[in-house]
Amino acid sequence: MESNGDSVFKYVTRAPDIAVYAVMVAYKEDPSPFKLNLGIGVYRTEEGKPLLLNVVRKAEKLLVNELSANKEYLPITGIAEFNKLSAKLIFGADSSAIKENRVTTVQCLSGSGSLRIGADFLAKHYHQLTVYMSQPTYANHPNFFVAAGITVKTYRYYDPTTCGLDFQGLLEDLGAASSGAIVLLQTCGHNPTGVDPSLEQWEQIRKLMRLNGLLPFFDCAYQGFVSASPDADAQPVRMFVADGGECLTALSYSKIMGLYAERVGALSIVCKTADVASRVESQLKLIIRPMYSNPPIHGASIVTAILKDREMYGEWITELKAMTDRITSMRQQLYNALHDRAIPGDWSHITKQVGMFSLTGLNAEQVAFLTKEYHIYMSSDGRINLSGLSTKTVPYLADAIHAAVTLHA
Amino acid sequence: MYTAMRNAMVKRVLSRRSDFGEARWMSSSSWWKSVEPAPKDPILGVTEAFLADPSPDKVNVGVGAYRDDNGKPVVLDCVREAERRIAGSSFMEYLPMGGSVKMVEETLKLAYGENSELIKDKRIAAVQSLSGTGACRLFADFQKRFHPDSQIYIPVPTWSNHHNIWRDANVSQRTYHYYHPETKGLDFAGLMDDIKNAPNGSFFLLHACAHNPTGVDPTEEQWKEISYQFKVKGHFPFFDMAYQGFASGDPEKDAKAIRIFLEDGHQIGISQSYAKNMGLYGQRVGCLSLLCEDEKQAVTVKSQLQQLARPMYSNPPLHGAAMVSTILGDADLKNLWLKEVQVMANRIIGMRTALKENLEKLGSPLSWEHITNQIGMFCYSGMTPEQVDRLTNEFHIYMTRNGRISMAGVTTGNVGYLANAIHEVTKSA
């Protein structure tokens, strides 16, 4: 019979490279002394360096010195205090849903893990296995739902002619969605467009969704990253919770606390009653246990230490504000630089869009030109990470865009 | 004009006084009202019950987490030192999808051998995983994707979560004989029969050492025979190695089964965990590896493993991996770790002897040889669920209802109490 020879995985084919990583690799391998990486999904300082928040460093050192700390398995649902604090962060300290015990929150591996556990839960217990997500959306969004066996559809979102929201299209598509369908919404700082609905628009979306019995699933990866106020940025979620209806939220601490590598997040499911919430939580455990048993302790311990201490919470908000201020400043500087060069086109979207990302409006050809001639890297859809810029490099980017738009109109 | 019509329609929809619609979603009926309460996890539920018990005499020999002789959880010195070195120093940026390269390299050395040619030849596709559970799940998903009609053969008994993992991956399961209740040892004949009778090219889950929950491991000779039969049948061996170092105290010795299979030319898969042997339980750090024909195939397979991890959690957590890299990458820290693993294993071996001797002294009519014959963290006592319930209800002793005792929870302080209680519930068996 078979001996040393063939592997049982002989016919496995190479998986396609994932675009955003491919851009990172290309940037790394570019030997040019001057290159600009605007393709990343992480925050960079004015010096182009990664940022470890002081409050995170402080919390980590505190944890090391806690000799009595138990480093054993967390419960399947994670650190209880972390879950409570995360629910408070997103739903508000005065949330009646929390007071009524209608919310179940479980610690997950960042936003990704929260989305996947939520998707698996829906696949098992929900009756309408279709999810609508914005066109475009974060590249990995479809994958969580496909892996769970849920059909993925899209709703119109970005209008390339205005570089803004296609609100009519959004309402039409959600209006036509099958009753009960799941709708994936980005709470704030939309990735990749930077285009967020206004609160008035959110209210219309809420009414329409409740009318058609559509189930909201909020991805909250940038709470606090848009306005520096976690409460303000969470308004869309809170509006939905305030009407007494149900929803899911996936909260990530990757960007807002710079804890990317530790995979810290929380899935919350807001239910009609406390009894339902309790049963839902027990079922979430059954999904988590055969995936990884229980979540990692380190990052969630850091978050807990920060959120529960008034002073450290204040320090976090200060550092959050510094990041968002710098991003806002980059937007303004870039807009000014483009305006000064009298580059054809309306570039006001640069300052209208919010959060870490902007869809510049550059097409694939122009993006390729920027990479080839100017060693500027971004995703082929023209998305840039504003924090990849600095006062020094804004003029360089503006010049490059000028050339791209002029030569490849 | 069409646009205007559509705009008007949308406006009408939104401004309509939709009492019916409002009522529909404002009703007290939840989408989840038919969700059943889930049964408690049999293992983790035990600790929950233990924690809730107010009795001062309570003993937890349920979950497989190591305790020192005072019954306290242990953070290894090598781990504390590693954590001190790295605290506040990392920029916390995303690991690559396959995890920490350094951690994976060191981890492969433990399993395949420090100077393994297979590592040098880059024939191993390996990714950092969420401890052993995560590694098994990634493998199960991978098996489903590339051998959708295959089944997994699982020993009887096994860690209960194994069944959940392959079930959630939608891989159908078969079982093979393993534990012999009469001898409280290995049912070797039954095991070999099942290997021979399984269709050629079947996928088998093997515990590399310190079988959970029985503590019963094949001998070296038996492993050689198993390996030979696997070759005859072309079976795929997947090793779950969660206790390397914990069985004998020597990680090299505990990898013996794996090395036998490698010598025989099998292209194996391995799940490795640092939960117990480095005490990194809560950090969720482990590794999934698959031995391939050549480097090219290893690259290919790794790309597919990453593809499976991406819609689960994107990339794995850093902290635990950083501690492993720090410890295994530093000669002094690594030596310290090896010493500390030996201390843990020796304490458990000592407790096995003590428990057996205590039961014999009490004049138990039963044989308790299996306590010292079995190896690793667990002892399959042979007690029935009813006897276990009595231990819990009358003596506040917590263990899983299959009679599995976590020897790591036994101390010089409680071994007498435990022996007495076991004697009480079994003496008239």
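**View 1. Cavities in the predicted model.** This structure holds 5 cavities of 30 Å³ or more, and the largest takes up about 320 Å³. A cavity here is a set of points, on a 1 Å grid over the protein atoms alone, where a 1.4 Å probe fits but cannot get out; points join across faces, edges and corners, and volume is the space filled by probe spheres set on them. This is a predicted model, with local features needing pLDDT of at least 70 and side-chain atom pairs 80 or more, while totals for chains, interfaces and linings use all residues. Residues count from 1 along each chain as its sequence is written, chains are lettered from A and ligands numbered from 1 in written order, and side-chain values use heavy atoms, leaving out hydrogens and water.

**View 2. Lining of the largest cavity.** Of its 27 lining residues (an atom within 4 Å of a point), A:Y73, B:W159, B:N212, B:Y243 and B:K276 are the closest to the centre. Helix α7 (131-146) of chain B gives the most, 3 residues. Helices are DSSP runs of H or I, at least four residues, and strands are E runs of at least two, numbered from the N terminus.

**View 3. The open sheet of chain B.** Seven strands line up as β2-β10-β9-β8-β7-β3-β4, with mixed pairing (at least two DSSP bridges make a pair). β2 (124-129) and β4 (172-177) of chain B each have a single partner strand, so one side of each lacks a neighbour in the sheet.

**View 4. β8 beside β9.** In chain B, β8 (236-241) and β9 (269-273) run parallel over 4 bridges, and B:M241 sits opposite B:Q272.

Terms used:
1 Å grid on protein atoms, 1.4 Å probe; cavity = no way out; pocket = protein on both sides within 12 Å on 5 of 7 lines; lining within 4 Å.
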